Amino acid sequence: MDFQLTEDQLAFQASAREFARRELAPHAAVWDAEEIFPVDVIRRAGEMGFLGLYTPEAHGGLGLSRQDAAIVFEELAAGCTSTAAYLTIHNMVAWMIASFGQPALAEAWVPRMVSGAVLGSYCLTEPGAGSDAASLKTRAEREEDGYRLNGSKMFISGAGSTDVLVVMARTGGQGPRGISAFVVPADVPGIHYGKKEKKMGWNSQPTRAITFDNVRVPASHLLGEEGMGFAYAMKGLDGGRINIATCAVGTAQAALEAAMRYVQERQQFGQPLSDFQTVQFRLADMLTELVAARQMVRLAAFKLDAASADATAYCAMAKRFATDLSFNVVNNALQLFGGYGYLKDFPLERHLRDVRVHQILEGTNEVMRMIVARRLLADGAADALR
């Protein structure tokens, strides 16, 4: 095993870090406070290649590995967790259309998504089907020249401000095999958007419910084959879990760096806080947890890149482990700031609010445990997960 980043990976990392410091970090507090979706900055991210990191080069993407993408997303999240998290969702949508759409469909959408001219949303979650995504009720009825889409989705990132939706809908019977995936322009007749949700964090990206009322979808907008939508959604979520985990790690890194600066500057009892052994031990534990979380994410990305049979379990383990530990690191960083950490003059309270949702979305951490346990208890799996 080689834990050293390659020269290319170091270059991607440096480019993303500079973009985060220049374009994201200086504005993150204002975007959060005023609930601004920074479309212009997102499009500039497209100019850097950050909107098509693992989208195939044939469609204008960079064609990077998930390992490479994780390195980039971590750096972006250190600048603004919420905006970086939306970039990961957009990347997932572009990759799904490029991977499973018919050539004409992919050509119509993906190059524009990679450039940032078109932004995307991922529509799986429903009011009655959160963690139990296979029970979704949104339905696409087959017609002579396409489908008629009816139903509703909720907690959709970017909804109302994006241009294209990847929608999972039921075309067959109950269960995962009855679900198909569709590419739906966001402005076609019959699509209605709910109010912008007031959220604890992730305020630089809008979140809305979407209702589909007799929305016509051409047959050519079906991704792959009927009945494969749930499988495509889960493939997307394997990568999505790595993405959201690495964003949590990036946030924790930013919080740790802020805490390190603070304890070296802050004087108490006639000496810097950093001279106290209790503070040093806390910082040491934070760094240890952060490194462990980062390496778990990179291992899962390696498994996904290698198409390993146990990749899904590793993605679930990484998502659970990294988001829990990253939240702990951010929470401890806030504690080191004392009362100042609770003030919006400092970034710690925003980091805490933004990173908390990472333990919930892309499958709650309880669902991640279910995925891992099923794999562990399968015949021979205990030996395989080594």
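**Burial, pairing and empty space in a predicted model**

Q: What makes α10 mostly covered?
A: In this predicted model, 8 of the 9 residues of α10 are buried. A residue counts as buried when its relative accessible area is under 20%. L348, E349, R350, H351, L352, R353, D354 and V355 meet that limit, and α10 is therefore described as mostly covered.

Q: Which elements cover the buried residues of α10?
A: The cover includes α2, α5, α7 and α9 (311-337).

Q: How do you know that strand β5 (residues 179-185) is largely enclosed by the rest of the structure?
A: The count of buried residues shows it: 7 of the 7 residues of β5 are buried, so the strand is largely enclosed. This holds on each side of the strand. I179, A181, V183 and P185 point one way, S180, F182 and V184 point the other way, and all are buried. Such an arrangement follows a general pattern, in which the side chains of a regular strand alternate between the two faces of the sheet.

Q: Why are β4 (residues 164-170) and β5 said to pair?
A: Two strands pair if at least two bridges are found between them. β4 and β5 are joined by 7 bridges and run antiparallel; the condition is therefore met. In this pairing, V164 stands opposite P185 of β5.

Q: What makes β5 and strand β8 (residues 222-223) a pair?
A: The requirement is at least two bridges, and β5 and β8 have 2, in the antiparallel sense. The two strands therefore qualify as a pair. F182 has L222 of β8 as its bridge partner.

Q: Why is the set that holds L76, I97, Y122 and M168 called a nonpolar core?
A: A nonpolar core consists of buried residues of certain nonpolar kinds, joined through side-chain atoms within 4.5 Å. The largest such set has 63 residues, and L76, I97, Y122 and M168 touch the most other members. Helix α5 (residues 81-100) gives the most to this core, with 13 residues. A second core of 37 residues is separate and includes L256, Y262, M296 and V330. In soluble globular proteins, nonpolar side chains tend to be buried together.

Q: Which residues are in contact with Y122, leaving aside its neighbours within four places in sequence?
A: They are I89, M92, V93, M96, I156, V166, M168, A233 and L237. Contact here requires heavy atoms within 4.5 Å.

Q: What makes the space lined by A28, W31, D32, C80, S82, W202, N203, S204, R350 and D354 a cavity?
A: In a cavity, a 1.4 Å probe fits but cannot get out. A search of the whole structure finds 1 cavity of 30 Å³ or more, and the largest holds about 40 Å³ of space. α2 (28-34) and α10 (348-356) each supply at least two lining residues, with α2 giving the most, at 3 residues. By class, the lining has 4 nonpolar, 3 polar and 3 charged residues.

Q: Why is the space around T125, I360, L361, E362 and G363 called a pocket?
A: A pocket, unlike a cavity, is an open set of points, with protein on both sides within 12 Å along at least five of seven lines. The largest pocket contains about 1100 Å³ of space. Its lining has 41 residues, and the five named lie nearest its centre. α5, β3 (146-157), α7 (229-265), α10 and α11 (365-377) each give two or more residues to the lining, and α7 gives the most, with 6. The lining comprises 22 nonpolar, 9 polar and 10 charged residues.

Note on methods. Residues are numbered from 1 along each chain as its sequence is written. This is a predicted model: local features need pLDDT of at least 70, side-chain atom pairs count only at pLDDT 80 or more; totals for chains, interfaces and linings use all residues. Side-chain values use heavy atoms; hydrogens and water are left out. Buried means under 20% relative accessible area, exposed over 50%, partly exposed in between (1.4 Å probe, protein chains only). Helices (H or I, at least four residues) and strands (E, at least two) are DSSP runs, numbered from the N terminus. On a 1 Å grid over the protein atoms alone, a cavity is a set of points where a 1.4 Å probe fits but cannot get out, and a pocket is an open set with protein on both sides within 12 Å along at least five of seven lines; lining residues have an atom within 4 Å of a point. Grid points are joined across faces, edges and corners, and a volume is the space filled by probe spheres set on the points. Ala, Val, Leu, Ile, Met, Phe, Trp, Tyr, Cys and Pro count as nonpolar, Asp, Glu, Lys and Arg as charged, and the others, Gly among them, as polar.
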